[in-house]
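These exercises are for a reader new to this structure. Work through each task before reading the solution below it.

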Amino acid sequence: MFEGFDMSKMGAMMEELQSKAKKMEEEAKNITMTAKAGGGMVEVTANGGNEIIDITIDDSLLEDKSSMQILLISAVNDVLKMVEDNKKSQAMNNFGNIMGGMNSFGMK
């Protein structure tokens with residue numbers, strides 16, 4: 001499997017991996033995802049960098065603190081899971097692209 005593998009190219013491959021990972025992190029901040037709870041009474045938007053960037057709460061919840069808290073927790077958890085799932089998907093896609101290029105490093 002590693003027949004003819006050129007170890008001198010390993011450093012370049014690692015630099016490429018680090019560069020792609022950093023680029024992915026920067027691109028992720030441009031992606032936004034929104035989760036809704038309570039039929040849209042609460043909306044939470046996050047970017048791909050796990051930052052909450054917007055919260056919308058229906059006025060009818062302002063007098064029902066308990067319900068608002070439950071819906072906020074639900075929407076925040078949902079949007080953060082969406083961000084994490086997106087990161088995993090992007091990482092797998094990029095890993096596949098990188099591994100597809102292993103033949104250029106002499107792997108068979």
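A residue counts as buried under 20% relative accessible area, as exposed over 50%, and as partly exposed in between, with a 1.4 Å probe and protein chains only. The model is predicted, so local features need pLDDT of at least 70 and side-chain atom pairs count only at pLDDT 80 or more, while totals for chains, interfaces and linings use all residues. Residues are numbered from 1 along each chain as its sequence is written, and side-chain values use heavy atoms, with hydrogens and water left out.

**Exercise 1. The chain as a whole**

Task: State how many helices and strands the protein chain has, and what percentage of its residues count as buried.

Solution. Step one is to list the elements. Helices (H or I, at least four residues) and strands (E, at least two) are DSSP runs, numbered from the N terminus. The protein chain has two helices and three strands, and their order from the N terminus is α-β-β-β-α.

Step two is burial. Of the 108 residues in the protein chain, 21% are buried. The exposed surface of the chain comes to about 7400 Å², with carbon and sulfur atoms supplying 54% of it; these areas come from the Shrake-Rupley method with a 1.4 Å probe, and for residues only the protein chains shown count as cover.

Step three is contacts, meaning heavy atoms within 4.5 Å. Taking contacts between residues at least 6 apart in sequence, 52% join residues at least 24 apart.

**Exercise 2. The nonpolar core**

Task: Find which elements each supply at least two residues of the largest nonpolar core.

Solution. A nonpolar core is a set of buried Ala, Val, Leu, Ile, Met, Phe, Trp, Tyr and Cys residues joined through side-chain atoms within 4.5 Å. The largest one here has twelve residues, including Met33, Val44, Leu61, Met68 and Val83. At least two core residues come from each of β1 (32–37), β2 (42–47) and α2 (65–100). Helix α2 gives the most, with five residues. In soluble globular proteins, nonpolar side chains tend to be buried together.

Next, take one core member and look at its partners. Apart from neighbours within four places in sequence, Met68 is in contact with Ile57, Leu61 and Leu62.

**Exercise 3. Buried polar side chains**

Task: Decide whether Thr45 is buried or exposed, do the same for Asn86, and list the contacts of each residue.

Solution. Begin with Thr45, which is in strand β2. Thr45 counts as buried because its relative accessibility is 12%. Leaving aside neighbours within four places in sequence, Thr45 is in contact with Thr32, Met33, Thr34, Glu51, Ile52, Ile53 and Asp54.

Then turn to Asn86, in helix α2. Its relative accessibility is 19%, so Asn86 counts as buried. With the neighbours within four places in sequence again set aside, Asn86 is in contact with Ile31 and Met33.

**Exercise 4. From strand β3 to helix α2**

Task: Find what Ile55 and Leu72 are in contact with, and class each by accessible area.

Solution. Ile55 is in strand β3 (residues 52–57). Since its relative accessible area is 43%, Ile55 is partly exposed. Beyond the neighbours within four places in sequence, Ile55 is in contact with Glu43, Val44 and Leu72. The C-alpha atoms of Ile55 and Val76 are separated by 9.2 Å, although these residues are 21 apart along the chain.

Leu72 lies in helix α2. At a relative accessible area of 21%, Leu72 is partly exposed. On the same basis of leaving out neighbours within four places in sequence, Leu72 is in contact with Val42, Val44, Ile55 and Ile57. Leu72 and Gly38 are 34 residues apart in sequence and 9.3 Å apart from C-alpha to C-alpha.

**Exercise 5. A backbone angle**

Task: Say where Asn50 is placed and what its phi is.

Solution. Asn50 is in the loop between β2 and β3. Asn50 is not a glycine, yet has a positive phi of about 65°. Asn50 is partly exposed because its relative accessibility is 37%.
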